[in-house]
Amino acid sequence: MGVQGECEPHHDVRVLSVRGLNVRYGRSVRALEGVDLEVGADSVLAVLGGNGAGKSTLLRAVSGTLGLHGGAVAGGEIRFRDERIDRLDPARIVRHGIVAVPEGRQVFARMTVEENLRAGGLGARSAEVRARARERVAELFPVLGERSGQRAGLLSGGEQQMLAIGRALMSGPELLLLDEPSLGLAPQMVGRIARIIGEIHAQGTAVVLVEQNATMALDVADTAVVLEVGRVALTGSAAELAASDDVQRLYLGGHAESAEQAEAEQAEALEHRRGRTLSRWVG
Ligand code: ATP
């Protein structure tokens with residue numbers, strides 16, 4: 001499927017390339033099977049999929065943190081700017097320029113906002129990179145400047161998410177991995193986070209955005225993949241995916257008239273699709 005318009009020549013430059021990636025937890029859980037995807041420099045890739053589809057696992061594999069969760073890459077390869085990174089430890093991966101913001105707004109609650117940001121800066125390649133990142137974070141998140149002496153644990157959920165992203169940016173990454181940044185936030189705050197991700201992208205940082213909120217993700221992203229039980233089920237430009245019937249029905253609430261109905265339709269459609277997908281693999 002075509003991925004991006006001709007007016008965006010940067011897309012040919014791949015920052016991340018995943019080929020035939022298999023991931024296991026222990027001996028029996030096959031969390032990812034033959035996953036292929038690419039992230040262009042200056043682009044945002046949305047990764048969609050239901051619970052347990054393998055979205056977080058993908059981010060763990062790219063950031064080298066699978067081992068912390070009892071998982072391992074069992075096949076395939078991950079390249080960052082053409083260099084294999086799937087055998088590197090997490091600290092080396094950060095030094096290469098990839099930083100992850102895990103699910104759940106993980107900030108150091110007892111430390112101040114300022115101390116959190118300083119901790120993020122420890123991963124920067126040089127003092128100059130750190131100083132530039134500092135300015136960027138101050139511009140993107142003025143609220144963090146206002147709260148700099150406050151304990152992170154006392155911030156609102158949205159502010160904590162901003163701090164988690166700001167801390168990740170402090171090392172000056174080329175690729176930012178975000179795991180469900182909209183989770184549990186009010187719609188207005190989701191909109192704010194979405195605008196910030198758009199801004200981060202516009203400043204030249206590539207982003208992989210894992211989201212259950214498909215509306216938000218497809219709005220911000222330029223390319224997208226849908227994972228289903230560990231495999232890539234759909235891939236294409238964000239616009240193509242937003243227009244596809246499957247994505248409409250499964251992730252964008254299709255024709256539902258209420259949240260409950262949307263949820264029921266999603267569960268039903270997912271079940272139906274899963275059956276089809278499984279029979280396709282088996283057959
Ligand atoms: P969610 O949206 O619910 O977070 P997800 O798409 O991020 O889901 P993953 O968390 O990556 O999915 O899980 C993929 C599969 O791997 C699931 O079957 C899950 O149960 C399994 N899994 C995830 N983490 C572990 C772990 N630490 N040990 C064993 N199995 C795991």
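The exercises below work through the ligand shell and the two sheets of this predicted model.

**Exercise 1. The ligand shell**

Task: Find which residues come nearest to the ligand, and state how the shell around the ligand divides by class.

Solution:
- Step 1. Start from the 16 residues around the ligand; Gly52, Gly54, Lys55, Ser56 and Thr57 come nearest.
- Step 2. Sort the shell by class: 4 residues are nonpolar, 8 are polar and 4 are charged.
- Step 3. Assign elements. Strand E2 (29-40) and helix H1 (55-63) each supply at least two residues of the shell. H1 gives the most, with 4 residues.

**Exercise 2. Polar contacts of the ligand**

Task: Find the distances from ligand oxygen atoms to Gly52, Lys55 and Glu180, using a cut-off of 3.5 Å between N or O atoms.

Solution:
- Step 1. Take the backbone. A polar backbone atom of Gly52 is 2.8 Å from an oxygen atom of the ligand.
- Step 2. Take the side chains. An N or O atom in the side chain of Lys55 is 2.8 Å from a ligand oxygen. For the side chain of Glu180, the distance from an N or O atom to a ligand oxygen is 3.5 Å.
- Step 3. Add the cover. On its own the ligand has 630 Å² of accessible area, and the protein covers 66% of it.

**Exercise 3. The four-stranded sheet**

Task: Give the strand order of the sheet with 4 strands, and explain why one side of E2 and of E5 is left without a neighbour.

Solution:
- Step 1. Read the order: E2-E1-E4-E5, an open sheet with antiparallel pairing.
- Step 2. Look at the edges. E2 and strand E5 (83-84) each have a single partner strand, so one side of each has no neighbour in the sheet.
- Step 3. Check one pair. Strand E4 (residues 71-80) pairs with E5 over 2 bridges, in the antiparallel sense. Phe80 has Glu83 in E5 as its bridge partner.
- Step 4. Place the helix. H1 packs on this sheet and touches strand E1 (14-25), E2 and E4; the directions of H1 and E1 make about 115°.

**Exercise 4. The six-stranded sheet**

Task: Give the order of the sheet with 6 strands, then find which strands helix H7 lies across.

Solution:
- Step 1. The order is E6-E7-E8-E3-E9-E10; the sheet is open and its pairing is mixed.
- Step 2. Strand E6 (98-101) and strand E10 (231-237) stand at the edges.
- Step 3. E6 pairs with strand E7 (residues 175-179) in the parallel sense over 4 bridges. Val99 stands opposite Leu176 in E7.
- Step 4. H7 (residues 187-202) lies across E3, E7 and E8, and runs at about 150° to E8.

Key
Residues are numbered from 1 along each chain as its sequence is written. This is a predicted model: local features need pLDDT of at least 70, side-chain atom pairs count only at pLDDT 80 or more; totals for chains, interfaces and linings use all residues. Side-chain values use heavy atoms; hydrogens and water are left out. A residue is near a molecule or strand if one of its heavy atoms lies within 4 Å of it. A polar contact is a pair of N or O atoms within 3.5 Å; within protein, one must be able to donate a hydrogen and the other to accept it, and residues adjacent in sequence count only if both atoms are side-chain atoms. Accessible areas come from the Shrake-Rupley method with a 1.4 Å probe; for residues, only the protein chains shown count as cover. Ala, Val, Leu, Ile, Met, Phe, Trp, Tyr, Cys and Pro count as nonpolar, Asp, Glu, Lys and Arg as charged, and the others, Gly among them, as polar. Two strands pair if DSSP finds at least two bridges between them. Contact means heavy atoms within 4.5 Å. Axes are lines fitted to C-alpha atoms, for helices over the stretch in contact, and angles run from 0 to 180 degrees between N-to-C directions.
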